[in-house]
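Biologist: I've got this model open on my screen and I'd like a close look at one part of it. Could you walk me through the sheet and whatever packs around it?

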Amino acid sequence: MSWCCRRHCGPMVHTRQCEPLLAVLEWPRETVKSSATQREPMDSWTVLGGNDTEIRVDATGPEDARRVVFLHGYSQSRLSWRKQFESSLADQYRLVAPDLRGHGRSAKPENAYDDATQWAADLEAVFRSANAEHPAVVAWSYGGLPLLDYLAEHGTDRIAGVNLVAAVSAIGTESATERLGGEYIALMDGLTDTDAERSIEAIEGLVQVCQEESPSEQELALMTGYNALCPPRVRDALRSPPAVTFRRRVCPVPSPSLSLVSVGSFGKASVASGTPSPSVSVLPGSVPLARSSPSGTPSPSVSVTALLERGSRG
């Protein structure tokens, strides 16, 4: 077992799947380029969150621009938002994406996933380190939970708006589990299995469930790779008691908010419940804003722009 596997995958004993997957994990740190423009360099750093947990953060875009903070989903990583980081959105705003605790390049402590105040402290540390004053926060799937933890702990005054992308507001309840869909639930045993081959097979299934269309081989390898950085013990802890008991709540989001609901196995339009008078736009696919929107619906940049304008505090 190589050093990288010991560090990031804990007790999992990787076989041939490991090396080609880990080879594609690092997000390029050079300047992000597009066919149309030369963009700001990618910045990466580590900040200490709750209980001094190391949280990895990436950012791109103009330093003096408004902040948009992206929170990924269960077993994912900051790389889930690579499409946004490579898009024209980075020409207008400072985009910030952390790896949540237990995920990606962030620390993976034992017994550290059942305290809402620690998740809230992680986000507070990310916001402060990124100089994110009144940011728009985009939360996908499981990322809705730490966002709600933050809002419960710190209130809504320091957030300009919330963009919920097929986000969950509770786990552990019958209704919350039902919203996840049968395909996803069927993967849980494999996702929490320490057998490498079974775990990788389940991760590939998770990637497929999160896609409207089948990914290319390159995309499948990349997404499977960064999902594999979340150890089975962490995936298990995120959905096992007592973690499921402390986050069965819905917190109010800022009234000048724009909620974005995507369609698919994780869609179910469930984020609108508990949200005061949400403005809902629908984009196809559960991979966050990865594709262009259909005719007549807002593009990702339009949605986030509207969110920031409506949530502006002067």
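Modeller: Here is a tour that starts with one strand, works outward through the sheet, and ends with the helices, the rings and a loop. Keep in mind that this is a predicted model.

Let's start at strand E5, residues 67–71. 5 of its 5 residues are buried, so E5 is largely enclosed by the rest of the structure. Look along the strand and you'll see the side chains split: Arg67, Val69 and Leu71 point one way, while Val68 and Phe70 point the other. Both groups are buried, and that includes Arg67.

E5 has a partner strand on each of two sides. With strand E6 (residues 94–98) the pairing is parallel and runs over 3 bridges; Val69 has Val96 as its bridge partner there. With strand E7 (residues 136–140) the pairing is also parallel, this time with 4 bridges, and Val68 stands opposite Ala136.

Now zoom out. The open sheet has 6 strands, in the order E3-E4-E6-E5-E7-E8, and its pairing is mixed. At the edges are E3 (43–48) and E8 (161–165), each with a single partner strand, so one side of each is left without a neighbour in the sheet. From one strand to the next, the twist averages 20°. For an antiparallel piece of the mix, go to strand E4 (residues 54–60), which pairs with E6 over 4 bridges. Val96 turns up again here, since Ala59 in E4 stands opposite that residue.

Next, the helices. H5 lies across E3, E4, E5, E6 and E7, and runs at about 135° to E3. H6 packs on the sheet too, touching E5, E7 and E8, and its direction makes about 140° with that of E7.

The rings are worth a stop as well. Searching the whole structure turns up 7 aromatic pairs. In one of them, the ring centres of Phe127 and Tyr150 are 5.0 Å apart and the planes are at 85°, so the pair is edge-to-face. This pair links distant parts of the chain, with Phe127 in H5 (residues 116–129) and Tyr150 in H6 (residues 144–154), 23 residues apart. Both of these residues are buried.

There's also an aromatic cluster made of Tyr74, Tyr113, Trp119, Tyr142 and Tyr184. Two of its rings have an arginine over them: the charged end of Arg101 sits over Trp119, 6.0 Å from the ring centre, and that of Arg239 sits over Tyr74, 4.6 Å from the ring centre.

Some of these names come back in the largest nonpolar core, which has 68 residues. The members that touch the most others are Phe70, Leu71, Leu95, Phe127, Leu147 and Leu191. Take Leu191: leaving out residues up to four places away in sequence, its contacts are Tyr74, Ser199, Ala202, Ile203, Leu206, Pro232 and Arg235.

Last stop, the loop between H5 and E7, where you'll find Asn131 and His134. Most residues other than glycine have a negative phi. Asn131, though, has a positive phi of about 50°, and His134 has a positive one of about 55°. As for accessibility, Asn131 counts as exposed at 54%, whereas His134 is partly exposed, with a relative accessible area of 29%.

Definitions and conventions: Residues are numbered from 1 along each chain as its sequence is written. This is a predicted model: local features need pLDDT of at least 70, side-chain atom pairs count only at pLDDT 80 or more; totals for chains, interfaces and linings use all residues. Side-chain values use heavy atoms; hydrogens and water are left out. A nonpolar core is a set of buried Ala, Val, Leu, Ile, Met, Phe, Trp, Tyr and Cys residues joined through side-chain atoms within 4.5 Å. Buried means under 20% relative accessible area, exposed over 50%, partly exposed in between (1.4 Å probe, protein chains only). Contact means heavy atoms within 4.5 Å. Two strands pair if DSSP finds at least two bridges between them. Rings of Phe, Tyr and Trp (its six-membered ring) pair if their centres lie within 6.5 Å; planes under 30 degrees apart count as stacked, over 60 as edge-to-face and the rest as tilted. A charge sits over a ring if NZ of Lys or CZ of Arg is within 6 Å of the ring centre and within 35 degrees of the ring normal. Axes are lines fitted to C-alpha atoms, for helices over the stretch in contact, and angles run from 0 to 180 degrees between N-to-C directions.
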